[in-house]
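Here are a few short exercises on helix packing and salt bridges, each with a worked solution. Have your viewer ready and try each task before reading on.

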Amino acid sequence: MKEPLRRLLFIGLKAAGSYDPEVVLPHIEERLTVGESDAVQAFLRWCHENKRTFGRANLDIRFLEFQRSGMSR
């Protein structure tokens with residue numbers, strides 16, 4: 001995940017106080033491309049449904065887990 005998208009994701013998480021994509025996305029959606037929005041929504045949905053959290057230190061690991069789960073397609 002590229003740094004600008006990482007920054008927006010953490011801005012949304014901080015503002016929302018949740019990993020629920022329905023709560024996070026309204027805070028950042030206008031700054032995302034359609035592809036980014038779809039990817040962030042799928043990733044956050046997976047995190048929320050599987051009770052998986054992440055921070056700056058382990059975002060890449062968690063995103064890789066998400067990709068390997070097959071839910072990113």
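**Exercise 1. At what angle do helix 3 and helix 4 pack, and how far apart are their axes?**

Step 1. Helix 3 and helix 4 pack at an angle of about 90 degrees, and their axes are 10 Å apart. Axes here are lines fitted to C-alpha atoms, for helices over the stretch in contact, and angles run from 0 to 180 degrees between N-to-C directions.

Step 2. That angle makes helix 3 roughly perpendicular to helix 4 (65 to 115 degrees counts as roughly perpendicular).

Step 3. On the helix 3 side, A42, F43, W46 and C47 meet L59, R62, F63, E65 and F66 of helix 4; contact means heavy atoms within 4.5 Å. These residues divide into seven nonpolar, no polar and two charged (Ala, Val, Leu, Ile, Met, Phe, Trp, Tyr, Cys and Pro count as nonpolar, Asp, Glu, Lys and Arg as charged, and the others, Gly among them, as polar).

Before going on, a word on the model. It is predicted: local features need pLDDT of at least 70 and side-chain atom pairs pLDDT 80 or more, while totals for chains, interfaces and linings use all residues. Residues are numbered from 1 along each chain as its sequence is written, and side-chain values use heavy atoms, leaving out hydrogens and water.

**Exercise 2. Which residues are linked with R6 in a network of salt bridges?**

Step 1. Recall the criterion: a side-chain nitrogen of Lys or Arg within 4 Å of a carboxyl oxygen of Asp or Glu. A search of the whole structure finds four salt bridges.

Step 2. R6 pairs with E3, with the closest N and O atoms 3.5 Å apart. The two are three residues apart in helix 1, which means about one helical turn separates them.

Step 3. R6 also pairs with D60, at 2.8 Å between the closest N and O atoms. Because R6 lies in helix 1 and D60 in helix 4, this pair ties together parts that are 54 residues apart in sequence.

Step 4. The network therefore links E3, R6 and D60.

**Exercise 3. Is R6 buried or exposed?**

Step 1. The cut-offs are under 20% relative accessible area for buried, over 50% for exposed, and partly exposed in between (1.4 Å probe, protein chains only).

Step 2. R6 has a relative accessible area of 12%, so R6 is buried.

Step 3. As for its partners, E3 at 42% counts as partly exposed, and D60 at 47% counts as partly exposed.

Technical notes: Helices (H or I, at least four residues) and strands (E, at least two) are DSSP runs, numbered from the N terminus. Angles under 35 degrees count as roughly parallel, over 145 as roughly antiparallel, 65 to 115 as roughly perpendicular and the rest as oblique.
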